[in-house]
Amino acid sequence: MKLFYKINLIFFLLFSFNSISNACDFTKIDMGTQISSIEDKYEDLSVTNTDDYGDSTVMYTYDTSLFCDDELLKNTFVNIYIKEKKLIGIQIEGIASDKNTNEIYKFAKNNFGLDSDQAKSAKWVGAVDLSSDINSIIYGKIMGFDGIHEALEISSFEYADFLIDGDIVEAFQ
């Protein structure tokens, strides 16, 4: 009976860790990756086109569920930033402020180590830097016209400035 219990526990842990680690592989794609190679894996991502935006950064907006199978991100959308046909940034934002249940906070905690009592507060507005040696990762809560919205921005130090500076063109599919 003890052996049966141990085997069940091992299978449970194996499948639990597997589902957690694969919940949103899209956020783990290396910045600077050619967008054409990503389109093969994510069929809903169809941004390769013949338009030449020059030095501009192009932003596409999608429902996050098209790329991430994570319950914490069900009320979010994702902005995908592309420059010179390369993925340079991902920004996940909450859809409605009245659903500000710290879902993106929990996602950032599970995937990027966010641990801030202040950021958990429903009325807190600000940003927490979760950057690593490789990636620029910022979690924040932003005051909008209709309340506080959560956001998580992932880029690299090489490309992070292009998400806020310069020409950003919103492209519509």
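## A buried disulfide and a nonpolar core

Cys 24, at 1% relative accessibility, counts as buried, a class reserved for residues under 20% relative accessible area, with exposed meaning over 50% and partly exposed in between (1.4 Å probe, protein chains only). The model is predicted, with local features requiring pLDDT of at least 70 and side-chain atom pairs pLDDT 80 or more, whereas totals for chains, interfaces and linings use all residues. Residues are numbered from 1 along each chain as its sequence is written, and side-chain values use heavy atoms, leaving out hydrogens and water.

A search of the whole structure returns one disulfide, the term denoting a pair of cysteine sulfur atoms within 2.5 Å. Its partners are Cys 24 and Cys 68, whose sulfur atoms lie 1.8 Å apart. Cys 24 sits in the loop between helix 1 (2-21) and helix 2 (35-39), and Cys 68 in the loop between strand 1 (57-63) and strand 2 (76-83), so the pair ties together parts that are 44 residues apart in sequence. The table sets out the burial of both partners.

| Residue | Relative accessibility | Class |
|---|---|---|
| Cys 24 | 1% | buried |
| Cys 68 | 5% | buried |

The protein contains four helices and seven strands, taken as DSSP runs (H or I, at least four residues, for helices; E, at least two, for strands) and numbered from the N terminus. Their order from the N terminus is α-α-β-β-β-α-α-β-β-β-β. Of its 173 residues, 42% count as buried. Where contact means heavy atoms within 4.5 Å, 48% of the contacts between residues at least 6 apart in sequence join residues at least 24 apart.

The largest nonpolar core, a set of buried Ala, Val, Leu, Ile, Met, Phe, Trp, Tyr and Cys residues joined through side-chain atoms within 4.5 Å, has 41 residues, and those with the most contacts inside it are Phe 26, Leu 45, Phe 67, Ile 80, Leu 130, Tyr 139 and Leu 152. Elements giving two or more residues to this core include strand 3 (86-94), helix 3 (103-112), strand 5 (135-144) and strand 6 (147-156). Helix 3 gives the most, with five residues.

The buried residues of helix 3 are Glu 103, Ile 104, Tyr 105, Phe 107, Ala 108 and Phe 112, and their cover includes strand 2, strand 3, helix 4 (117-120), strand 5 and strand 6. Leaving aside residues up to four places away in sequence, Leu 130 touches Ala 108, Phe 112, Leu 114, Ile 137, Tyr 139 and Leu 152. Helix 3 is followed by Gly 113, which has a positive phi near 80°.
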